Amino acid sequence: MISAERLLRLYPRAWRARYGEEFLSIVGDRALHVQQVIDIVSGAIDAWLSADVRTATAVGRLAPSGEGSMLKSLMICESTKLRFTTRDSLLSAAAMIGGTLIFSLVGIVLQREGWLVTGEILKGLAFPGSLMLSMPFWLMKGQPWKAQAAIVGISLALLTAAGYLATLI
Amino acid sequence: MTKNRDDLLAGLGRFSEPALYILISLADGPKHGYAMTQDIAEVAGQKLGPGTLYGAIARLEARKWIEPLPAEDRRRPYRLTAAGQRVLRHRLESLRAVARIGRARLAEG
């Protein structure tokens, strides 16, 4: 028989930290009915998907520990509605416009110098790469720099790989 | 303004009914989750599962219609906020109006 403690693991870490103890105190050690199991599993799905639940469980977690997933960091940032300053807006716009210009110009120059594939990849990266570079100033604001660096770095690497594959087709 | 409060409660989707029961349960004072489920079963004849209960509690907390109190043992009591009282009062008035119309139509038929 599935225990309540095992089902509790289906819920997000923040949810468990916030409601886990009281949840277990309600369910107790009794064997769960099928209806209860379905209710708990659907509650877990809701806990992962609902912005309201994230807002309620994000209290006190504005500075997530390093062991938290990067995705959850992003979700907390979004759900807690951090305030963005004019400086943040200008920096993200500069990263977008500057990045697009640099990627495009370097791509064009490299292509003229005979580096056709690399130039094509850089031109393809112009918009998505610039968007990723601007994210630390808005979507990822307030998150640990390691998480930001990992998300931006991995995304750029994946975009580069996708761009390279596209040149082979 | 009046309509907005109804919309807010209806905006809880499938949690709107459990949320209403929770607000009613907390109307006479703070309760923890287990006491709420017992009270709701007694008053409304509905046995809320833990997934539904905490889905509704989280939504009510996010809207600041209820707030947690310091935990007692493993249980954390919740209480109705002033905003929650207003929403509940208005919802109950709406339901009373609907019930009155329903009764009147039954009497006519």
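Buried area is the accessible area that two parts lose on being put together, summed over both. Keep that in mind for the first stop on this tour of a predicted model.

**Stop 1: the interface**

Show chain A and chain B together and color them separately. Between them, the two chains bury about 1800 Å², and 51% of that lies on carbon and sulfur atoms. If you select the residues that take part, you should pick up 22 from chain B and 21 from chain A. Which three residues supply the biggest share of what chain B buries against chain A? Put sticks on Pro50(B), Tyr54(B) and Arg74(B): this trio supplies 37% of that area, more than any other three residues. For the complex as a whole, the predictor gives an ipTM of 0.84 and a pTM of 0.59.

**Stop 2: chain A**

Now hide chain B for a moment. Chain A has eight helices and zero strands, so to walk from the N terminus is to meet α-α-α-α-α-α-α-α. Of its 169 residues, 38% count as buried. Look at the contacts in chain A between residues at least 6 apart in sequence: 62% of them join residues at least 24 apart.

Switch to coloring by pLDDT. Chain A averages 79, with 83% of the residues scoring at least 70. Where should you go carefully? Select residues 60–70 of chain A, where pLDDT stays under 50 and the model has 11 contacts beyond four places in sequence. Then select residues 72–81 of chain A; pLDDT stays under 50 there too, and the model has 22 such contacts for that stretch.

**Stop 3: confidence in chain B**

Bring chain B back, keeping the pLDDT colors. Its average is 89, and 94% of the residues score at least 70. Which element of chain B has the lowest mean pLDDT, and which the highest? The lowest belongs to helix H1 (residues 2–10) of chain B, at 61, and the highest to strand E2 (residues 78–80) of chain B, at 96.

**Stop 4: two crossing helices in chain B**

Select helix H2 (residues 16–26) and helix H4 (residues 50–62) of chain B. They pack at an angle of about 75 degrees, with their axes 9 Å apart. Angles of 65 to 115 degrees count as roughly perpendicular, so that is how H2(B) and H4(B) lie to each other. Now turn on the side chains. From H2(B), the contact is made by Pro18(B), Ala19(B), Ile22(B) and Leu23(B); from H4(B), by Thr52(B), Leu53(B), Ala56(B), Ile57(B) and Leu60(B). By class, that makes eight nonpolar residues, one polar and no charged ones.

Stay on H2(B) a little longer. This helix is mostly covered, with eight of its 11 residues buried. Among them are Leu20(B), Tyr21(B), Ser25(B) and Leu26(B).

**Stop 5: from Leu20(B) to Arg91(B)**

Center on Leu20(B), then select Arg91(B), which sits in helix H5 (residues 82–108) of chain B. The two are 71 residues apart in sequence, yet their C-alpha atoms are 8.3 Å apart in space. Is Arg91(B) buried, partly exposed or exposed? At 26% relative accessibility, Arg91(B) counts as partly exposed.

**Stop 6: an unusual backbone angle**

Finish at Lys64(B), in the loop between H4 and strand E1 (66–68) of chain B. Check the phi of Lys64(B): about 60 degrees, so positive, although this residue is not a glycine. Lys64(B) is exposed, with a relative accessible area of 61%.

Technical notes
Residues are numbered from 1 along each chain as its sequence is written. Chains are lettered from A and ligands numbered from 1 in the order in which they are written. This is a predicted model: local features need pLDDT of at least 70, side-chain atom pairs count only at pLDDT 80 or more; totals for chains, interfaces and linings use all residues. Side-chain values use heavy atoms; hydrogens and water are left out. Axes are lines fitted to C-alpha atoms, for helices over the stretch in contact, and angles run from 0 to 180 degrees between N-to-C directions. Helices (H or I, at least four residues) and strands (E, at least two) are DSSP runs, numbered from the N terminus. Angles under 35 degrees count as roughly parallel, over 145 as roughly antiparallel, 65 to 115 as roughly perpendicular and the rest as oblique. Contact means heavy atoms within 4.5 Å. Ala, Val, Leu, Ile, Met, Phe, Trp, Tyr, Cys and Pro count as nonpolar, Asp, Glu, Lys and Arg as charged, and the others, Gly among them, as polar. Buried means under 20% relative accessible area, exposed over 50%, partly exposed in between (1.4 Å probe, protein chains only). pLDDT is the predictor's confidence in each residue, from 0 to 100. Buried area is the accessible area (1.4 Å probe) that two parts lose on being put together, summed over both.
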